[in-house]
Amino acid sequence: MTEAIARVHIDTHRPRTRYSRMLFGQFLEHFHRQVYGGVFEPGSPLADEKGFRLDVVEALRELRVPVVRWPGGCFVSAYHWTHGVGPNRRPSYDKAWRVEDPNTFGTAEFVAWCRLIGAEPYICTNGGTGTSQEMSDWVEYCNLPDAGRWAKVRQAGGHPDPHNVGYWSIGNENYGDWEMGAKGAAEWGRFVAESAKMMKRVDPTIKLFAAALPDLDWTLALLRAAGQHLDCVSIHGYWDGLWQNNQPSDYATCMTRALQPEAAITMTEHVIAAAGYEGRIGIAFDEWNLRGWHHPLTADWPADIAARDKNDLNATYTMADAVFSAGFLNSCLRHASTVRMANMAPVVNTRGPLYVHPRGIVMRATYHVLWMYANLLGEEVCDAYVDCAAHLPGEGTVPVVDAVVTCDVGQGRYHIVLVNRHPDHAAECVVAIDGVTVDGAHAATQLAGDSPDAYNDVDQPNRVFPAAVELNFHDGIVELPAHSVTIVEVLRSSA
Ligand code: AHR
């Protein structure tokens, strides 16, 4: 009999955690073709009268995107929101990405687009060159019915009712010397505290996050100074750094980094606890992607602007991206009591799940992983332990099999995510519910691709596509194809 290399133990008597669907969030930055030529393309035959690409809207509705963060990212650290409101928009120079922004896509357009795709808007404010006043004025503009100057500016711009933006963040990566308006830890803590006070004086109901790190010095100082005002700390992760050189790592190399997202979550949890906010302040992993964005910063400007087109090479986004992304989402689900939001960076083009071109869209492999998680999981995460004896070649620390178990509230039905990270070999796995192994045939959805390097493109849009399969557990053992993500549905009675 085949020897299983992994065993998933589900203990139904242990507490379950209801996770937030905000884990399936997205991020939209004013960078390259994410906004202009991405979600927003006035004049395109595929756009509506407001300029929103309707094929993109439809695809994102299928993902049931719960929230979108905007407008950056580094872009926001010198962005002044007043340039993007009202009838007379004038271009401004984007000092982050060194291009002109027409400002035709501003706050009202972003909120309208979010409502169209059924997502909550989440605004990241300018903690670089911006001020506490400017941030709180933005909350006035969005959320006050009609009191004060900025609500009246919104009304004069054709929006009588508040935009009701419930999620806000102070700053973006202001810890980094690459960021405009970078600050020291103590300075950042005070700045966030004063900005938070002003924003919450305008609207005390907003959920407020701030730029943070899985780092004791930075985040402890932030929480000591401003923790009382915050709902989450924001952290970011990109694990294949391609900012300067666009040489995407191969499948095996990407898998060696598979455990790093969970390590960042755990470290951040420890810092939150050290600051005394365990259970009160959560984590928003509000920029994540296996692949760092390519935007070389050289003296060869503006030639290096054209290098950004390399982000659109669809061959980059293979089963490595799909399997890594499944592992990332599994990590967030395992930490569902602290990770309250996660936003893939970004939502379209660059490294996103959707590639948008003038004649249509391509659903990259990661799109299908997001679709599976958004549509096939139960509402609660069960207490499950994955015992995997086999590790991937290389560093030898990454288990071949990863799994997470969700269930419906009634616990009658389990939606089990089984990931085989191995590039070449199938993996045998046992699943046991309260010690009783699952057996027989069960309906499942499986994303595998014909190779670890398989990808979708304009000329092969469905080479990687989730298949409806019947998963057979023989003597309690099921075989998972190489480089695959499977979600299987098991009724409790079948265990
Ligand atoms: O590479 C894109 C940048 O990555 C985002 O603008 C920023 O938030 C992060 O450093």
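# Exercises on pockets, cavities and the ligand

The largest cavity holds about 50 Å³ of space. The model is predicted.

**Exercise 1.** Find where the largest cavity lies with respect to domain 1 and domain 2.

*Solution.*
- Step 1. List the lining: Tyr251, Ala252, Met255, Thr256, Leu392, Pro393 and Pro423.
- Step 2. Sort these residues by class: six are nonpolar, one is polar and none is charged.
- Step 3. Assign the lining to domains. Domain 1 (6-14 + 380-494) and domain 2 (20-376) both contribute residues, so the largest cavity lies between them.

**Exercise 2.** Determine which helix gives the largest share of the lining of the second largest cavity.

*Solution.*
- Step 1. The volume of the second largest cavity is about 40 Å³.
- Step 2. Its lining consists of Tyr79, Trp81, Thr125, Asn126, Glu134, Met135 and Trp138.
- Step 3. Helix α3 (residues 132-143) supplies three residues, the largest share.
- Step 4. By class, the lining has four nonpolar, two polar and one charged.

**Exercise 3.** Describe the lining of the largest pocket.

*Solution.*
- Step 1. The space in the largest pocket is about 590 Å³.
- Step 2. Of its 22 lining residues, Cys74, Trp97, Trp178, Trp243 and His295 lie nearest the centre.
- Step 3. Strand β10 (residues 232-240) gives the most to this lining, with three residues.
- Step 4. The lining divides into ten nonpolar, six polar and six charged residues.

**Exercise 4.** Identify the residues around the ligand and the side chains that make polar contacts with its oxygen atoms.

*Solution.*
- Step 1. Glu29, Gly73, Cys74, Trp97, Asn172, Glu173, Tyr238, Trp243, Glu287, Trp293 and His295 surround the ligand.
- Step 2. Look for N or O pairs within 3.5 Å. In the side chain of Glu287, an N or O atom is 2.7 Å from a ligand oxygen. For the side chain of His295, the distance is 2.7 Å. A polar side-chain atom of Trp243 lies 3.5 Å from a ligand oxygen.
- Step 3. Check the cover: the ligand alone exposes 280 Å², and the protein buries 95% of that.

**Exercise 5.** Establish which domains and elements line the second largest pocket.

*Solution.*
- Step 1. The second largest pocket has about 290 Å³ of volume. It is lined by 19 residues, with Thr17, Leu333, Arg334, His335 and Val381 closest to its centre.
- Step 2. At least two lining residues come from each of α8 (260-274), α10 (319-334), β16 (384-388) and β17 (401-407).
- Step 3. Domain 1 (6-14 + 380-494) and domain 2 (20-376) each provide at least three residues.
- Step 4. The classes are eleven nonpolar, three polar and five charged.

Conventions. Residues numbered from 1 in each chain as written. Predicted model: local features only at pLDDT ≥ 70, side-chain atom pairs only at ≥ 80, totals over all residues. Heavy atoms only, no water. 1 Å grid on protein atoms, 1.4 Å probe; cavity = no way out; pocket = protein on both sides within 12 Å on 5 of 7 lines; lining within 4 Å. Points joined across faces, edges and corners; volume = space filled by probe spheres on them. Helix = DSSP H or I, 4+ residues; strand = E, 2+ residues; numbered from the N terminus. Nonpolar A, V, L, I, M, F, W, Y, C, P; charged D, E, K, R; others polar. Domains from an automatic or database assignment. Near = heavy atom within 4 Å. Polar contact = N/O pair within 3.5 Å; in protein donor to acceptor, adjacent residues only side chain to side chain. Areas by Shrake-Rupley, 256 points an atom, 1.4 Å probe, with all protein chains shown as cover.
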